[in-house]
Amino acid sequence: YLEGRTLSLIFDALHETKTSLPPEVWAKVMAEALAGLHHAHELCDYDGTPLQIVHRDVSPQNVIVTFDGRVKLVDFGIAKARVNVTETEKGIVKGKLAYMSPEQAQVSEDIDRRADIFSAGIVLWECLTLSRLITGDAASAAQKINDMDFPRPSSLNPKVAPELDAITMKALERDPAKRYPTAEAMRAALEK
């Protein structure tokens with residue numbers, strides 16, 4: 001049990017009260033969430049073999065800010081490891097479509113930790129703008145993930161520094177090779 005609120009509830013409260021938080025606060029929140037994500041990505045089994053965990057559901061509903069200011073990434077219920085005890089169903093989309101990477105939305109067999117980086121980029125974008133990036137029904141959302149020109153967060157929130165724009169847009173690269181290679185690399189960029 002965590003005493004706190006999810007980012008989605010924090011977004012709702014900020015909309016209701018017509019207030020906002022400085023971009024630097026959001027950068028710190030996401031840096032902490034990325035630290036937890038990196039920890040999961042780096043987990044190994046008892047023999048030291050990397051488990052290659054992919055969360056597959058990084059979203060505002062799964063990032064909690066506790067009342068004492070800690071940030072937790074939760075709900076690894078649909079996470080996938082390289083070696084699963086039971087094999088996951090093939091051809092089944094798992095996660096929230098509005099927060100999926102292009103490769104995850106296409107039900108690719110070869111998703112890796114960089115799919116979570118894309119999702120974290122969407123969450124960061126939404127933190128900085130207090131707007132949804134991907135909206136619409138499933139077909140529309142899938143098309144936007146693959147084709148939409150993502151606006152820089154500063155186009156909606158002029159308080160967003162160019163450095164935060166660049167970090168967000170790098171995480172949102174459609175080509176996984178152009179994203180941050182690890183959650184730790186994205187976290188370090190945010191901390192800087």
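This short report walks through a predicted model of a protein chain, from its overall make-up to one residue, Asp-165.

**The chain as a whole**

Let's start with the fold elements. The protein chain holds seven helices and three strands. Read from the N terminus, these elements follow the order β-α-α-β-β-α-α-α-α-α.

Here are some whole-chain values to keep at hand:

| Property of the protein chain | Value |
|---|---|
| Residues counted as buried, of 192 residues | 44% |
| Contacts 24 or more positions apart, among those with a separation of 6 or more | 63% |
| Exposed area | about 10100 Å² |
| Share of the exposed area from carbon and sulfur atoms | 52% |
| Average pLDDT | 90 |
| Residues with a pLDDT of at least 70 | 90% |

Confidence does vary along the way: residues 83-89 have a pLDDT below 50. In the model, this stretch makes four contacts beyond its near neighbours in sequence.

**A look at Asp-165**

Now let's zoom in. Asp-165 sits in helix α6, which spans residues 162-171. Is Asp-165 buried or exposed? Asp-165 is buried, and it has no salt bridge. Its nearest side chain of opposite charge belongs to Arg-152, at a distance of 4.4 Å. A salt bridge calls for a side-chain nitrogen and a carboxyl oxygen within 4 Å, so the 4.4 Å between Asp-165 and Arg-152 does not qualify.

Which residues does Asp-165 touch, leaving aside neighbours within four places in sequence? Asp-165 is in contact with Arg-152, along with Pro-153, Ser-154 and Val-160. Arg-152 therefore appears twice in this picture, as a contact of Asp-165 and as its nearest side chain of opposite charge.

Technical notes
Residues numbered from 1 in each chain as written. Predicted model: local features only at pLDDT ≥ 70, side-chain atom pairs only at ≥ 80, totals over all residues. Heavy atoms only, no water. Helix = DSSP H or I, 4+ residues; strand = E, 2+ residues; numbered from the N terminus. Buried < 20%, exposed > 50% of the residue type's maximum accessible area, 1.4 Å probe, protein only. Lys, Arg positive; Asp, Glu negative; His and termini not counted. Contact = heavy atoms within 4.5 Å. Areas by Shrake-Rupley, 256 points an atom, 1.4 Å probe, with all protein chains shown as cover. pLDDT = per-residue confidence, 0-100.
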